[in-house]
Amino acid sequence: MTPVQQPPAIGSLLARRTGWGRSDAVSRILAAAAAPGVLSMAGGIPAPDSFPVARLAEATDRLFAGSAGSGGSAVRALQYAPTDGIAPLRELIAARASATGSTVGPDRVMVTAGSQQGLDLVAQTLIDEGDEVALDDPSYLGAVQVFRRAGARLLPVPGDAEGMRTDVLEQRLLAGARPKLVYVVPHFHNPTGAVLSEERRRHLAALAERFGFVIVEDDPYGDLAFEGGRLPSTDVHSGRVVRLMSLSKTVCPGLRVAGLVAPAELIGELVAAKQCGDLQTNTFGQYLLADLLGDPEFLPTHLAGLRTLYGGRARAMETLLREQLPWLDFERPRGGLFFWCRLTDPRVGSDALYAHALAQGVAIVPGTPFCIDEDGSRVLRLSFASLDGAQRREGVSRLAAAWEKALADGV
Ligand code: PMP
């Protein structure tokens, strides 16, 4: 074999896709938010005091109790498992999906390592380079990164308090756009907090049927409504829906266990894609969640507790923001974890406020990373979820100080 004279630099070997979805914005913002002494209103991080620690410890004890022998529950929880997930958990996810949308059996369910993996598997399975993906503008950044890295051309669709403007989507479709998939966060959208209205769900489903795209419904916040309830999935109106059912915000994110429901034509391909990536989701976490979700008492009680906790934190935050930050305008969130705010004073933009806020020891997320075509320079996202009362008061007064400093510095 003839040796290569000038071996290529390692950097030149990278696949083209490595350059497509890359955004340092989130890593930078989250790293800054994690710095010592910084109060974080930045990440979509659930309240640590909401995790069902005692209940998980009980489930762990039960799994390991007296069953070291082959066939015992401990051994099952530590062994390889099927790529699509352990049967009891798939059945429980199917039941949960059926209670919040159309009836599905476990054959259309798979367990993924978080909904983030579900998004990636959907993109890998449906998107070739140059295919169109329609999505809200602004959108969840993790989804934007996945679709970009899959080579998609993004088709941003504006939204309002009722979620995606499906009338605008329809105009684009009539003008010739042919997205393979349309991505929505149907409840308490990240970052805008919007809930996709019933009328728009029907419209979106009708468009999916007419133009032949797949709806990807990514719904981590649907169970966190503290005003009103959740609306049925669009899958009651169309068979072209993939549902991503994260458990990160309702149980805990660290186990990396989520549900995915897909049309029969897609589920096998999604499972094949997952098999290439990680063979299966961690078995132990699946058994723990099967124990919790299989307990008829657990989820209703736990969700009621979360709604009370987050509803209380949102109201307390609203009061502080209205009292101390009159230059912020926002709709009161009806669920989820975020305030999506507009800066009403033209003298300070969200990037400058972000930098000054960090200098004062409070982290926020400026609007730009979420926005595709929209102007993100005057919007920002604040999470109310993980700070307790004293931290929240301190965080808001640091934001007020950051504003004064930004004004004084003339940026
Ligand atoms: N989708 C949205 C809209 C999210 O906000 C998040 C987490 N912040 C995810 C997906 C990822 O969820 P998971 O932890 O289940 O991967």
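# Exercises on a predicted model

A polar contact of 2.6 Å links the side chain of Asp345 to that of Arg347. The model is a predicted one, and the exercises below start from this contact.

**Exercise 1. Locate Asp345 and decide whether this residue is buried or exposed.**

Solution.
- Step 1. Asp345 sits in the loop that runs between strand S11 (338-343) and helix H12 (350-360).
- Step 2. The relative accessible area of Asp345 is 14%.
- Step 3. Buried means under 20% relative accessible area, so Asp345, at 14%, is buried.
- Step 4. The side chain of Asp345 has a polar contact of 2.6 Å with the side chain of Arg347.

**Exercise 2. Place Arg381 in the fold, classify its accessibility, and state how far its C-alpha atom is from that of Ser27.**

Solution.
- Step 1. Strand S14 (residues 379-383) contains Arg381.
- Step 2. Arg381 counts as buried because its relative accessibility is 5%.
- Step 3. Along the chain, Arg381 and Ser27 are 354 residues apart, and a distance of 16 Å separates their C-alpha atoms.

**Exercise 3. Describe the surroundings of the ligand: which residues are closest, and which helix gives the largest share of the shell?**

Solution.
- Step 1. The ligand is surrounded by 14 residues, and the closest are Ser115, Asp218, Tyr221, Ser246 and Ser248.
- Step 2. Helix H5 (residues 114-126) contributes three residues, the largest share of the shell.
- Step 3. By residue type, the shell around the ligand holds five nonpolar, six polar and three charged residues.

**Exercise 4. Identify the protein atoms that lie opposite oxygen and nitrogen atoms of the ligand, then state what fraction of the ligand's area is buried.**

Solution.
- Step 1. For Gln116 the atom concerned is a backbone N or O, at 2.9 Å from an oxygen atom of the ligand.
- Step 2. For Asn190 an N or O atom of the side chain is 2.9 Å from an oxygen atom of the ligand.
- Step 3. For Asp218 an N or O atom of the side chain is 2.5 Å from a nitrogen atom of the ligand.
- Step 4. The ligand taken alone exposes 410 Å², of which the protein buries 91%.

**Exercise 5. Find the cis peptide bonds that precede Pro138 and Pro191, and place each proline.**

Solution.
- Step 1. From Asp137 to Pro138 the peptide bond is cis, with omega near 0 degrees.
- Step 2. Pro138 belongs to the loop between strand S3 (132-137) and helix H6 (141-149).
- Step 3. Asn190 and Pro191 are likewise joined by a cis peptide bond, with omega about 15 degrees.
- Step 4. Pro191 belongs to the loop between strand S6 (181-184) and helix H8 (198-211).
- Step 5. Asn190 also has a side-chain N or O atom 2.9 Å from a ligand oxygen atom.

**Exercise 6. Examine Ser139: where is this residue, is it buried or exposed, and which backbone oxygen lies 2.6 Å from its side chain?**

Solution.
- Step 1. Ser139 lies in the loop between S3 and H6.
- Step 2. Ser139 is buried because its relative accessibility is 0%.
- Step 3. A polar atom of the Ser139 side chain is 2.6 Å from the backbone oxygen of Asp136.

**Exercise 7. Characterise Arg256 and Leu279 by phi, position and accessibility.**

Solution.
- Step 1. Arg256, a residue other than glycine, has a positive phi near 55 degrees.
- Step 2. Arg256 is in the loop between S8 and S9, and counts as partly exposed at 34% relative accessibility.
- Step 3. Leu279 is not a glycine either, and its phi is positive, about 65 degrees.
- Step 4. Leu279 is in the loop between helix H9 (264-278) and helix H10 (283-293), and is partly exposed with a relative accessible area of 42%.

**Exercise 8. How many cavities of 30 Å³ or more does the structure hold, and what lines the largest?**

Solution.
- Step 1. Searching the whole structure yields three cavities of 30 Å³ or more.
- Step 2. The largest cavity encloses about 220 Å³ of space.
- Step 3. Its lining has 19 residues; nearest the centre are Arg96, Asp223, Met245, Ser246 and Leu247.
- Step 4. Helix H4 (87-100), strand S8 (241-246), strand S9 (258-261) and helix H11 (298-324) each provide at least two residues of this lining.
- Step 5. The lining comprises nine nonpolar, five polar and five charged residues.

How values were computed. Residues are numbered from 1 along each chain as its sequence is written. This is a predicted model: local features need pLDDT of at least 70, side-chain atom pairs count only at pLDDT 80 or more; totals for chains, interfaces and linings use all residues. Side-chain values use heavy atoms; hydrogens and water are left out. A residue is near a molecule or strand if one of its heavy atoms lies within 4 Å of it. A polar contact is a pair of N or O atoms within 3.5 Å; within protein, one must be able to donate a hydrogen and the other to accept it, and residues adjacent in sequence count only if both atoms are side-chain atoms. Accessible areas come from the Shrake-Rupley method with a 1.4 Å probe; for residues, only the protein chains shown count as cover. Helices (H or I, at least four residues) and strands (E, at least two) are DSSP runs, numbered from the N terminus. Ala, Val, Leu, Ile, Met, Phe, Trp, Tyr, Cys and Pro count as nonpolar, Asp, Glu, Lys and Arg as charged, and the others, Gly among them, as polar. On a 1 Å grid over the protein atoms alone, a cavity is a set of points where a 1.4 Å probe fits but cannot get out, and a pocket is an open set with protein on both sides within 12 Å along at least five of seven lines; lining residues have an atom within 4 Å of a point. Grid points are joined across faces, edges and corners, and a volume is the space filled by probe spheres set on the points. Buried means under 20% relative accessible area, exposed over 50%, partly exposed in between (1.4 Å probe, protein chains only).
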